[in-house]
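Got the viewer open? Let's take a short walk through the empty and filled spaces, one selection at a time.

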Amino acid sequence: MNPINVGLLGLGTVGGGTLTVLRRNAKEITRRAGRDIVVKMAAVRDLEKARKIAGSELEIVTDPFAVVNNPDIDIVVELIGGYTLAKDLVLKAIANGKHVVTANKALLAVHGNEIFQAAQAKGVMVAFEAAVAGGIPIIKALREGLTANRIEWIAGIINGTTNFILTEMRDKGLAFDTVLAEAQRLGYAEADPTFDVEGIDAAHKLTIMAAIGFGIPMQFDKAYTEGISKLTKEDITYAEQLGYRIKLLGITKRTDKGIELRVHPTLIPAKRLIANVEGVMNAVLVKGDAVGATMYYGRGAGAEPTASAVVADLVDVTRMLTSDPEHRVPHLAFQPDALSDAPILPIEEVRTSYYLRLKAFDKPGVLADVTRILADLGISIDAMIQKEPSEGEEQADVILLTHETVEKFINQAIAKIEALSSISGKVIRIRLEELNSN
Ligand code: NAP
Ligand code: HSE
C-alpha cells in the first residue's frame, strides 16, 4: 500500500518530537497503521535550525502554504501555534481536502466551531489528541472510551507549566521567575507564558473537554479564568495545615441550571490522588454516571510526550481514511446536529466551597461579626483557625473554610466583611473542591 504522506507545519518542540518519534518507531507504527506514515515536507521560519533537526532527506520550506497546497500531502500536522496563521492554514488544508492533526488548543477553543463545520462539510478529519493534557489520551477516553456515560463533571490539572511552578516553589522554595524560566527552557511553556500562568491555556483545554464531554459547542469566551500569579506562600502553607493542597484546576460540571466552566487555583484534600500530581505531570478526573470517577495521568507537555499524542492521531486518521465520513467518530463526540444549547453559567452562579483568609484585629466580637455575616447569607462554616499575630502586628490571620454555597453569596459576604472596621485589607478567597467520587 502507498505510504501516507504527512506535511509538518512547524519543527519546534512538538514538531521536532513528532519527527523523532515517527522515525524511531517507524516499523512499530506501520505495523499498527497498516501502511507507512512518512513526513514528506515541513515548514519552518529558520531553515538552518530545521536542517539540524531533520537532516537533509526532508524537504523543508519557509512558506507553510506550500505544504497545505501540495497535492501529495495527505495529512497536514499544524504545530505552529497561535490563532491567525494557524487558522488560515488549517482552513486551507481542509478546503484542499486534507485531513488535519493539530496540538493547538488555543485555535480549537476559539475557532473550533468554524473549523469542525468546515471539516464536516468537506468530509475530512481534524484530530486533536495533543491539544489537551499532552501525552494523556484524554480525548480518546472522553470521545470513545466513556461514550456510554452521561458525563457529570471533569476536573483536571491540565497545565504542566503551572503545576511545575507550584511544585518547585513549594518543594524547593524557588522563586516564581526562576521556575518559569526553567519551564520555558524545557519547552513546556506557551510562546506567551502568561497563557500558562494566568490560566488561559488551561481554559482552552477545559473548553475542548467540556465540548466533547457534554456535547456543546466550544465556548472559550464564557470560561472563567484565574491564574496562579496572585497566589501567596502563606495561603499554600495554611492550606497544607488544614489538610489541603492548592492546584490550578480546570473544572467543568453539568448542573440543573447549566454548565460550569472555570479555571482557578483550588484547594483539594491532600489525600486525593490528584493532589499528589507533581511537576509537569497532568491528571484529569472524569466522573461518568455509569463508570463513576476515572483518572488519567501522565506528562502534559514536552517534545515526545506531546508527539506521542500527535502520532496516535496520525495512526487513527490513517486507519479511518477509507471509511465513510458519516461513520467516523464525530469531531465533538456527539453528532453535529445533536449538540446541546445548555448555557455556560457565569461564575457568580457557580456552586462550590471556599477558603477565606482575613486579617482581623485581635479583640472581642470580631469573629462573631464575621460568622454573623456568613450565617445571614446562609453560608455555613466547615472549619476555622486563628493564627497568633506576628510580632509587632496587631492583626491576626483568620482562615475559614465554608461549606458549599453560590459564588454570588460569598461575594456579598466578602464585601460586608471587608467593610467591618475590625478587618484590615482585602479578604483572600480561594475556591475549594472535595472532588468526591460518589
Ligand atoms: P515551538 O517550539 O515554538 O515551535 C513552533 C514551530 O513553528 C517552529 O518550528 C517555528 O519555526 C514554526 N513557525 C512559527 N511561525 C512560522 C511561520 N510563520 N512559518 C513557518 N513556520 C513557523 O512551539 P511548540 O511548543 O512546538 O508548540 C506548537 C503547538 O503545540 C502550539 O499550538 C502549542 O500550544 C502546542 N502544544 C505544545 C506543547 C509543548 O509541550 N510545547 C504541548 C501540547 C501542545 P522556527 O523554529 O523556524 O521559528
Ligand atoms: N504550555 C502547556 C503546558 C503545554 O504547560 O501544559 C502543553 O499544552
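Start by selecting α8 (160-172) and α11 (200-214): each of these helices supplies at least two residues of the shell around ligand 2. Keep in mind that this is a predicted model.

Now show the rest of that shell. Ligand 2 is surrounded by Lys105, Asn159, Gly160, Thr161, Tyr188, Ala189, Glu190, Asp196, Asp201, Lys205, Gly300 and Ala301. Color them by class and you'll get three nonpolar, four polar and five charged residues.

Next, zoom in on some polar atoms. In the side chain of Lys105, an N or O atom is 2.5 Å from an oxygen atom of ligand 2. Click over to Asn159, where a polar side-chain atom lies 3.5 Å from an oxygen of the ligand. At Tyr188, look at the backbone instead: one of its polar atoms is 2.6 Å from a nitrogen atom of ligand 2. How much of ligand 2 does the protein bury? Of the 260 Å² that the ligand exposes when taken alone, 94% is buried. The space it takes is the largest pocket.

Leave the ligand and go looking for enclosed space. The whole structure has two cavities of 30 Å³ or more, and the largest has a volume of about 50 Å³. To find that one, select its lining: Ala127, Phe128, Glu129, Ile139, Lys140, Arg143, Glu144, Asp313 and Asp316. Two elements, α7 (138-145) and α13 (303-320), give two or more residues each to this lining. Which one gives the most? That's α7, with four residues.

For a last stop, color the cavity lining by class: six residues are charged, three are nonpolar and none are polar.

Conventions:
Residues numbered from 1 in each chain as written. Chains lettered and ligands numbered in written order. Predicted model: local features only at pLDDT ≥ 70, side-chain atom pairs only at ≥ 80, totals over all residues. Heavy atoms only, no water. Near = heavy atom within 4 Å. Polar contact = N/O pair within 3.5 Å; in protein donor to acceptor, adjacent residues only side chain to side chain. Areas by Shrake-Rupley, 256 points an atom, 1.4 Å probe, with all protein chains shown as cover. 1 Å grid on protein atoms, 1.4 Å probe; cavity = no way out; pocket = protein on both sides within 12 Å on 5 of 7 lines; lining within 4 Å. Sits in = over half its atoms within 2 Å of the grid points. Nonpolar A, V, L, I, M, F, W, Y, C, P; charged D, E, K, R; others polar. Points joined across faces, edges and corners; volume = space filled by probe spheres on them.
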